[in-house]
Amino acid sequence: MDVFQKTFSVDDALEVIGFGVFQWKISFVTGLAWVGDSMEMMILSILGPELHCDWSLPSYQVALITSVVFIGMGFSSLLWGNVADKYGRKVGLVISMCWALYYGLLSAFSPVYGWLLALRGFVGFGIGGTPQSVTLYSEFLPVRARGMSIMLMAVFWVLGTVSEVLLALWVMPTLGWRWLLGLSAIPVGIFVSFCFWLPESPRFDVLSGRREKAIATLTRIARENGKELPQGTLIEYKQNERGQYKELFSQQYWKITLLLWFIWFSFAFSYFGIVLLTTELFQTESCGSISIEPRCSLECKYLTSADYKDLLWTTLAEFPGKTFAIDYLGRKKSMAICFFMFSLCILPLYACIGRVALTIFIFIARAFISGGYQVVFVYTPEVFPTEIRALGMGTCSAFARVGALITPFVAQVLLRTSMYLTLSVYCGCSLLAALASIFLPIETLGRGLQESTRLWKKREVEGKEKMKDAEDGMSRTKSGSS
């Protein structure tokens, strides 16, 4: 046996294979999950005003319809992350999407408020697994293409939000909210139909001791891209213990974990806050405080065609938000700038500005916060190793859901008490998150995906031993000299 036999890692193989036909295909399939997720999220800002009128719901019950979705997502994000790290990225993603599809269709037949609340909570439980599509997708990308590829995949999110507004503009005036709920589940249904094509991550297979399966997947990718695998043997690093929560708080990752939890919380809190604020502010002409709580069901306000059109314009802001130059400025600076610019665009809303100016500032604010939200989706899988990558994404996503859970009570309930206080909460949170982004200890621009914390620990121990040997050598030299 040749002791000098060449070896290569999954990273080496992906760099040789490059970005090609296979990556375009997996972009489309995983992108469908994002379209479904964004449509289920966007529908919340449309469903609230409709049910507020149809079922004569007070503001806190309207806010609860949004919050219960995020409660489900918050609980399930940890579960799906654990499943993806222990049983496979594909397994976690497919099961969660099937769950979301089933309950998404059922929620369209909700007879009363209680049923709608429960079924939408179950939809949120399934949607909580959507971030694992980024985990899966990122593990098939070469280093140079990863940042821009994940940002471009986020275009699917924007397509979902725009499609939801256009669907609502077509469906709501004639067919009503039940049809909107049912039709909004179509992208998830298409994803479930195509999910059989998805391969398992070769990185996960290597850590699971399934080297032959990983080689088969890499060979398939190379064939579809018209390339050949590197010569040699694929490095195998089998690890039985994966998805361990304690690894998130190891010496290397505890600070990153805590900062990312707050950053994810702030992005979701701010992003969904501006989405919900848009429909609320479009329905009032007053400043300082908003009083639109109806005395009877006849005094409510449905969203008009003009409201839907302005909502569409502000939603289109997310397209320029995806072009942010994260491969030039880096991930940390990009997130910090997005948070700062979001808070800057919120400031003019303190004044009594007209409808056109309101739309423009909301457009710009949403462009920056949505762009920054996608940067953190790039950064998180890059900073965590393969063994806890899905778990890291899952826990971060759970904190994002906490932010999204709280934001309806600020954007829809606190707003009725004081607009100034509401805007101050969003400004303050985004500025603190900008500082948290700067304090992140690692910049991942140009960095390969890490495979294992244990490899890092091994290198650290070896480094300390070498340093100790060097110090001992210097001590002996000094003793000899004296």
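**Surface, patch and cavities of a predicted chain**

The chain exposes about 19500 Å², and carbon and sulfur atoms supply 66% of that area. The model is a predicted one, and the description below moves from the outside inwards.

One part of the surface is a nonpolar patch formed by Phe262, Leu432, Leu435, Ile438 and Phe439. Together these residues have about 490 Å² of accessible area. The element that gives the most to the patch is helix 20, which spans residues 419-438 and supplies 3 residues. Leu432 is found in helix 20. Is Leu432 buried or exposed? Its relative accessibility is 51%, and the cut-off for exposed is over 50%, so Leu432 counts as exposed.

Behind the surface, 59% of the 482 residues of the chain count as buried. The secondary structure comes to 21 helices and 2 strands. Among the contacts with a separation of 6 or more, 86% are between residues 24 or more positions apart.

The interior also holds enclosed space: the count comes to 2 cavities of 30 Å³ or more. The second largest cavity has about 70 Å³ of space. Its lining is made of 13 residues, and those nearest the centre are Met41, Met42, Tyr271, Phe272 and Val275. Helix 2 (21-54), helix 3 (59-87), helix 8 (155-171) and helix 13 (254-282) are the elements that give two or more residues to this lining. Which helix gives the most to the lining of the second largest cavity? That is helix 2, with 5 residues.

Terms used:
Residues numbered from 1 in each chain as written. Predicted model: local features only at pLDDT ≥ 70, side-chain atom pairs only at ≥ 80, totals over all residues. Heavy atoms only, no water. Helix = DSSP H or I, 4+ residues; strand = E, 2+ residues; numbered from the N terminus. Buried < 20%, exposed > 50% of the residue type's maximum accessible area, 1.4 Å probe, protein only. Contact = heavy atoms within 4.5 Å. Areas by Shrake-Rupley, 256 points an atom, 1.4 Å probe, with all protein chains shown as cover. Patch = residues over 30% accessible without salt bridge, like charges linked within 9 Å, V, L, I, M, F, W, Y side chains within 5 Å. Salt bridge = Lys/Arg side-chain N within 4 Å of Asp/Glu carboxyl O. 1 Å grid on protein atoms, 1.4 Å probe; cavity = no way out; pocket = protein on both sides within 12 Å on 5 of 7 lines; lining within 4 Å. Points joined across faces, edges and corners; volume = space filled by probe spheres on them.
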